[in-house]
Amino acid sequence: MTNEKVDVVIVGAGASGSVYASVLAKAGKKVVLLETGPDWELTDLISSEIWGRRVKPAGAPVLLEGKNPMTYSAQGGWGVGGAALHYFANFPRLLPTDFRMKSEHDRGSDWPIAYEDVAPFYDKVARDTGVSGDAKAEEKWRPAGEAYPMPPMKTFRNGDIWLKGFEANGIRMVPAPVGMNSVEYQGRPACLYDGWCHVGCPIGALANPQVTYLGNARSAGAEVRALSTVTRVLTNPAGTRVTGVEYYDDKHQKQVQEASVVVLAAWSAQNPRLLLNSATDKHAKGLGNASGLVGKFMMSHHVASTWGMFDEDVQNHMGTIAVQYMSYEHYPKTSHATAFGSSFVTAGFAVKTTDLANSRADLFGPELADYMKRAARNLAGIKTFGEEQPRMENRVELVSDKDEFGMPLGKLTHTYDEDAVALWNANLEQGLKVAKAAGAKESWSARGSIPTSHLMGGTIMGTGAANSVVDSYGQSHEIPNLWVAGPSIFPTAGASNPTFTIFALSQRGAERMASQWGTLTN
Amino acid sequence: MASIGRRGFVKGATAGALAFVVGGVEVIMAAHEARARGVPFRLLDAHQGETLEALGETLVPQAREAGIAHFIDQQLSVPPGESLLQARIFSFRPPFAEFYRAAIVAVDAGSNRMSGRDFAQLTTGDQRAFVNLMRQNKVEGWTGRPGAQVYAVLRADAVDVVYGTMEGYEALGIPYMPHIPPEKRW
């Protein structure tokens, strides 16, 4: 069945898709979002670790390979709002050095834009969605910008207790910027600090797309079709333009949605999968893939977690899942003598029983039961996110195995290189020093397999089709009315949590699309 | 596989319990209640249920009474997109029942090689010793997914039923502080 043609069809109703929908619908465009998962109401967001799994990834799995398989499910999304429905909402930004990796360090790629090109959009996103923090305090490490619209969030003993340890190690900590309300903002209430953010915030204090961009988009006339799985992007016979998408609806009926512009905003592993599966005789390797770079340069952040058991009750049930403190002190790429790459240091977050149990994954039986009782009062943690360099070998490709709609599954191969491993180890060692100086009676690193967090890359931006898939706005180098949004367009990863940058780049891309609309539809 | 519709699922969620079938009628109750009432398994056989209970109890004390086998069995019977199992977080490919069945076979095979008996028939001490080897991938002749992964998934399931409920939080003295509480304490 073919639906009435619209101006824009957006594949994916998560962080990036929701921004495009909002901007374009408000610009008067007829917008349809197709989302493979269900739609959610805020009242679906039950405060439970167990029930909270309903909003975590389901559907066709991504096959995971490599020495460090990308474990995405705890942080990934399922349904309208995507991962941002239940994200931690840490809103650090990338720093100028991230945009100049090749120029400054002869590694990876330069972005085709500079920090200054994105900075105004960080400020706009902060105003539009509501960010709490202390911009002035951050500006010791970054160029000045606008103040955040809300003061920093409250802190709790599980965060404050680390400050002495950081100070002793020369790491300055400042209030972390977060996409949460420290005070009532734009009709949304202030946070209650009960730590259930990771299963979704039903009061709207967390800036999830349902209460920000998607709400605006719907008000402006955008249509969201849930349980609609896109399998192909369609092109004209000449292969010069996309004409829409093929998808399966909630009754598993095949549909076609024609559109003047297609935006792929389906997450870093799915955008390449869709492009590769949309191959035609004119695009034998997949759409936008003349360079052979679609699916390449997948990146992750590794996370160095340090736990400390303290004598006092640190109230670790209080706070948010976002962090209370952060530091760019070790963000310069050569901060560690023995390792390369940026590190983003954080401290102070609420924990739930799953976190308590996972903090000592080796314990079981009566020892675990004893540990849980102690940890419930005395456990606190710090986390340092570390940068991974982009490598061709980390990739998404199609396999012969298919999903229920006959679409080949994606296989994501991911292995950390020596730089990443060295940086992770350096950050773990640093963490133990901080814990000791903070007065922890016991402290330990969360070792074992190196965590993977925040999937990025796969359709990277660059200056041309020879070195990238899209330009800095997300527009395909090869097909002008095909756009890609989200972390898949990052050419390097930095070490900052990516969602603030996803929102900012999407705002920039969507405004560009609206301003250049005439050139896209001719 | 048996299936409940989204409406029934949401009903269970808001009621804070799961949908079990008793005498051909769908009844909403918590997993520990289902065990206490002897609700028949939907997918597991008796041996599989017994083994999951023994593994769960070894991993997290009180998991048996908390209804770990009934929880897993009920969750295996719903569509994967509605599943609450940790297998979802471990990015397993559905159907998740395959993981549990294979894990039980691997555990029993290893247990029989080591002690000549199925895992559920081992002494408590031998069960602990076996699990300790399993978590380190040190069970000789092990086949299928790594023992450490089986340990991690089943331990997480057991943590769910013992500590992940409102009762579990209360037992640890942790204020639950829900925005939207699961009624009936789960």
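Here a visitor asks a guide some questions about this predicted model.

Visitor: What makes the size of chain A agree with that of a compact globule?

Guide: Let's compare two values. For 522 residues, a compact globule would have a radius of gyration near 24 Å; chain A has 22 Å, which agrees. Along its principal axes, the C-alpha trace of chain A spans about 70 × 50 × 50 Å.

Visitor: What else can you tell me about chain A?

Guide: Its secondary structure comes to 13 helices and 17 strands. Of the 522 residues in chain A, 59% are buried. Take the contacts between residues at least 6 apart in sequence: in chain A, 73% of them join residues at least 24 apart.

Visitor: Why is Asp106(A) called exposed?

Guide: Count its neighbours. A residue is exposed if 12 or fewer other C-beta atoms lie within 10 Å of its own. Asp106(A) has 7 of them, so it is exposed. You will find Asp106(A) in the loop between α2 (101-105) and α3 (115-130) of chain A.

Visitor: And why does Gln315(A) count as partly exposed?

Guide: The label "partly exposed" covers what falls between exposed, at 12 or fewer, and buried, at 20 or more. Gln315(A) has 18 C-beta neighbours inside 10 Å, so it counts as partly exposed. Gln315(A) sits in the loop between β9 (296-309) and β10 (325-327) of chain A.

Visitor: What is notable about phi in Asp106(A) and in Gln315(A)?

Guide: Most residues other than glycine have a negative phi. Asp106(A) is not a glycine, yet its phi is positive, at about 55°. Gln315(A), also a residue other than glycine, has a positive phi near 50°.

Visitor: Now to chain B. How do you know whether the reach of helix α3(B) fits its number of residues?

Guide: Helix α3 (residues 46-59) of chain B has 14 residues, and at 1.5 Å a residue the expected reach is 20 Å. From its first C-alpha to its last, the helix reaches 20 Å, close to that expectation.

Visitor: Why is α3(B) said to be largely enclosed by the rest of the structure?

Guide: A residue needs 20 or more other C-beta atoms within 10 Å to be buried. In α3(B), 11 of the 14 residues are buried, so the helix is largely enclosed. Among the buried ones are Gln48(B), Leu52(B) and Leu59(B). Their cover includes α5 (68-76), α7 (97-115) and α9 (147-163) of chain B.

Visitor: What makes the bond between Pro94(B) and Pro95(B) a cis peptide bond?

Guide: Look at omega, which is about 0° there. Most peptide bonds are trans. Pro95(B) belongs to the loop between α6 (86-89) and α7 of chain B.

Notes
Residues numbered from 1 in each chain as written. Chains lettered and ligands numbered in written order. Predicted model: local features only at pLDDT ≥ 70, side-chain atom pairs only at ≥ 80, totals over all residues. Helix = DSSP H or I, 4+ residues; strand = E, 2+ residues; numbered from the N terminus. Rg over C-alpha atoms; globule rule 2.2 N^0.38 Å. Contact = placed C-beta atoms within 7 Å. Expected span 1.5 Å × (residues − 1).
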